[in-house]
Amino acid sequence: MTPPARKFLEIGKSQAMQQGMLIREILNAFSADMESMENFIFDPDLAPDVATAVKEIVDGFRPSFAMSNINLCLGSNIDRLEESKAVGEKLHLDRVLFNLVENAFRHSPPHTTVTVDVSDEGEFLLLTVEDEGAGLSPDIVNRLFQKFVQGKGKTGRAGLGLYFCRITVESWGGTIGYTLRQSGGSRFWVRLRKAV
């Protein structure tokens, strides 16, 4: 083996080890998340405020959206809410919101709008993230919230984001889903129980 070939082989081995370590760290973190959700006990005093969480995530994403010429806005229902505390946990709620807004960002072409809203549904709060992208192909919709499923172009990280959202929301007694917008694009929704 020539010295340059040996050098490339060593670089390849080193990178493979680093990737293996990173994958182990990700799986360990994911496992810890799973365990914390399985042992979730709701404390009304720590109930997250969904409207506040949405506004924080939207504010955090605005610069990235602006740089890509995508409009990110809040819907009209969020400011009408009298109460927006839900059964859940703040850190994981933020991750659910982050995943949904990031998905919309990655699948939205320039000069379109992503709208994030929260509305009152009696005993529930309905969170929605709507984009004006191409939407999802029908063959993936039924598997969308399973592990390792990725949309067109496989632009997701590992196909775990929506799976994480589903198991998180369901551990709180909520539901999550997807519908194709009539005018085009995707509408992801999360229904959470109010903290009463």
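These exercises walk through a predicted model of one protein.

## Exercise 1: The overall plan

Find how many helices and strands the protein has, and give their order along the sequence.

**Solution.**
Step 1. Count the elements: there are 5 helices and 5 strands.
Step 2. Follow the chain from its start. The pattern reads α-α-β-α-β-β-α-α-β-β.
Step 3. Look at burial. The protein has 196 residues, and 39% of them count as buried.
Step 4. Turn to the surface. The accessible area is about 11,500 Å². Carbon and sulfur atoms account for 55% of that area.
Step 5. Check the contacts between residues at least 6 apart in sequence. Of these, 70% join residues at least 24 apart.

## Exercise 2: Helix α3

Describe the length of helix α3, what caps its N-terminal end, and which of its residues are buried.

**Solution.**
Step 1. Helix α3 covers residues 90–106, which is 17 residues.
Step 2. From first C-alpha to last, α3 reaches 24 Å. That is close to the 24 Å expected at 1.5 Å a residue.
Step 3. Go to the N-terminal end. Glu89 caps α3 there, with a side-chain oxygen 3.2 Å from the backbone nitrogen of Leu91.
Step 4. List the buried residues. They include Leu93, Val96, Leu97, Leu100, Val101 and Ala104. Polar names appear too, among them His92, Asn99 and Asn103.
Step 5. Recall a general rule. An α-helix has 3.6 residues a turn, so residues three or four places apart point the same way.

## Exercise 3: Asp94 and its surroundings

Work out which side chain Asp94 makes a polar contact with, and which residues Asp94 touches beyond four places in sequence.

**Solution.**
Step 1. Place the residue: Asp94 lies in helix α3. Asp94 is among the buried residues of that helix.
Step 2. Find the polar partner. The side chains of Asp94 and Lys90 make a polar contact at 2.7 Å.
Step 3. Leave out residues up to four places away in sequence. Asp94 then touches Ala53 and Ile57.

## Exercise 4: Aromatic pairs

Find how many aromatic pairs the whole structure holds, then examine two of them.

**Solution.**
Step 1. The search gives 4 aromatic pairs.
Step 2. Take Phe61 and Phe98. Their ring centres are 5.0 Å apart and their planes meet at 40 degrees, so this pair is tilted.
Step 3. Locate both rings. Phe61 is in helix α2 and Phe98 in helix α3, so the pair ties together parts 37 residues apart in sequence.
Step 4. Compare exposure. Phe61 is buried, because its relative accessible area is 9%, under the 20% cut-off. Phe98 is partly exposed at 39%.
Step 5. Take Phe65 and Phe105. This pair is also tilted, at 4.9 Å centre to centre and 45 degrees between the planes.
Step 6. Locate this pair. Phe65 sits in helix α2 and Phe105 in helix α3, 40 residues apart. Phe65 is buried, with 0% relative accessibility.
Step 7. Put the four rings together. Phe61, Phe65, Phe98 and Phe105 form one aromatic cluster.

## Exercise 5: Charges over rings

Identify the rings that have Arg95 and Arg191 over them.

**Solution.**
Step 1. Start with Arg95. Its charged end sits over the ring of Phe164, 4.2 Å from the ring centre.
Step 2. Look at that ring's helix. Phe164 is one of the buried residues of α5 (residues 161–171). Others include Leu162, Tyr163 and Ile167.
Step 3. Move to Arg191. It lies over the face of Trp189, 5.0 Å from the ring centre.

## Exercise 6: Positive phi and a loop aspartate

Locate Asn69, His111 and Gly173, and give the phi of each.

**Solution.**
Step 1. Begin with the general rule. Most residues other than glycine have a negative phi.
Step 2. Asn69 has a positive phi of about 60 degrees, and is not a glycine. Asn69 lies in the loop between α2 and β1. At 45%, Asn69 is partly exposed.
Step 3. His111 has a phi near 65 degrees. His111 is in the loop between α3 and β2. At 68%, His111 is exposed.
Step 4. Gly173 comes just after α5, with a positive phi of about 80 degrees.
Step 5. Finish with another loop residue. Asp43 lies between α1 and α2. A polar atom of its side chain is 3.0 Å from the backbone nitrogen of Asp45. Asp43 and Ala195 are 152 residues apart in sequence, with C-alpha atoms 9.1 Å apart.

Terms used. Residues are numbered from 1 along each chain as its sequence is written. Side-chain values use heavy atoms; hydrogens and water are left out. Helices (H or I, at least four residues) and strands (E, at least two) are DSSP runs, numbered from the N terminus. Buried means under 20% relative accessible area, exposed over 50%, partly exposed in between (1.4 Å probe, protein chains only). Contact means heavy atoms within 4.5 Å. Accessible areas come from the Shrake-Rupley method with a 1.4 Å probe; for residues, only the protein chains shown count as cover. A polar contact is a pair of N or O atoms within 3.5 Å; within protein, one must be able to donate a hydrogen and the other to accept it, and residues adjacent in sequence count only if both atoms are side-chain atoms. The expected span of a helix is 1.5 Å times one less than its number of residues. Rings of Phe, Tyr and Trp (its six-membered ring) pair if their centres lie within 6.5 Å; planes under 30 degrees apart count as stacked, over 60 as edge-to-face and the rest as tilted. A charge sits over a ring if NZ of Lys or CZ of Arg is within 6 Å of the ring centre and within 35 degrees of the ring normal.
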